[in-house]
Amino acid sequence: MTNVSAGTLRRRPAQRRSVERVERMLDECARLLDEVGYDGLTTKEVARRAGVPIGTFYQFFPDKQGLVRALALRNLDAFLSRLTSRLGDAQITDWTGAVDLAVDEFVEMKRTIPGFAIMDFGEILPTPAGPPLKGTDRLLDSTLENNVIVADRLRSLTIELLGAPTGPALDRALIVAVEAADAVLKLAFRAHPGGDPDLVAECKRLVRRYLADHLPAR
């Protein structure tokens, strides 16, 4: 499994007060992405709005890119946590239902989570309609594309909750599925600010049909 958390922060907050400060800075970063975009985002304004000295900011984050990297990782953790909770609440044990829930959760976060429309899991869009900023496809890890990391995290969830068979075939299938879903959902949000519902439905259909050749029916 990839470990993108290593090196994200300059130092880990140990005390509750430090944890709260880091979370406030990430919250303000997300809000500012919606308000002014990545180019307008500054470490000084994040610190000011979070109510922390600029020196405190640099205790935890090396620069603006380090800040948005930490936000992207938090977004990914939140997505997986929310998806796990929804799978449990719906008592879904079949991967086809899991595909629909994963797409629905992603779309809901795009619509409602601050900053998520500009940067979900690393790739930064100057506007919600894109195209992405050059070089941000490897924001989480300089050696791996963001979608590879997302697929790896989904692989762990798929194996743990749905009992999917392990092996290189599953790894490859999930990377292809994530890339395909990413492309179609980008198209959906270019077509409509809230995500074109017909294209969202097409995304689900595409991923289900593709994975049907790689995952056993249950």
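Start with the largest pocket, which has a volume of about 850 Å³. Keep in mind as you click around that this is a predicted model. To get to the middle of the pocket, select Val150, Val178, Ala181, Asp182 and Leu185: of the 44 lining residues, these are the closest to its centre.

Now colour by helix. Which helices each supply at least two residues of the lining? They are α4, α5, α6, α7 and α8. Pick out α7 in particular, as the largest share of the lining, ten residues, comes from this helix. If you switch to colouring by residue class, the pocket lining splits into 30 nonpolar, five polar and nine charged residues.

Next, go to Val207, in helix α8. Buried or exposed? Val207 has a relative accessible area of 6%, and the cut-off for buried is under 20%, so Val207 is buried. Show what surrounds Val207: beyond its neighbours within four places in sequence, this residue is in contact with Val99, Ala177 and Ala181. You have already met Ala181, one of the residues closest to the centre of the largest pocket. Try a distance too: from Val207 to Val103 is 9.7 Å, C-alpha to C-alpha, although they are 104 residues apart in sequence.

Hop over to Trp95, in helix α5. Trp95 counts as buried as well, at 9% relative accessibility. Draw a line from the C-alpha atom of Trp95 to that of Leu33 and you'll get 34 Å, for two residues 62 apart along the chain.

Time for the nonpolar core. The largest one has 64 residues, and Met25, Phe61 and Phe79 are those with the most contacts inside it. Two or more of the core residues come from each of α1 (16–40), α2 (43–50), α3 (54–60), α4 (64–90), α5 (95–112), α6 (146–162), α7 (168–191) and α8 (197–212). Because domain 1 (13–61) and domain 2 (73–212) both give residues to this core, it lies between them. In soluble globular proteins, nonpolar side chains tend to be buried together.

Zoom in on Phe79. Setting aside neighbours within four places in sequence, you'll find Phe79 in contact with Ala102, Glu105, Phe106, Met109, Phe121 and Leu154.

Finally, zoom out and colour the two domains, 13–61 and 73–212. How many residues of each domain are in contact with the other? Eight residues of domain 1 touch seven residues of domain 2, counting contacts. The centres of the two domains, taken over C-alpha atoms, are separated by 26 Å.

Terms used. Residues numbered from 1 in each chain as written. Predicted model: local features only at pLDDT ≥ 70, side-chain atom pairs only at ≥ 80, totals over all residues. Heavy atoms only, no water. Core = buried A, V, L, I, M, F, W, Y, C linked by side-chain atoms within 4.5 Å. Buried < 20%, exposed > 50% of the residue type's maximum accessible area, 1.4 Å probe, protein only. Helix = DSSP H or I, 4+ residues; strand = E, 2+ residues; numbered from the N terminus. Domains from an automatic or database assignment. Contact = heavy atoms within 4.5 Å. 1 Å grid on protein atoms, 1.4 Å probe; cavity = no way out; pocket = protein on both sides within 12 Å on 5 of 7 lines; lining within 4 Å. Points joined across faces, edges and corners; volume = space filled by probe spheres on them. Nonpolar A, V, L, I, M, F, W, Y, C, P; charged D, E, K, R; others polar.
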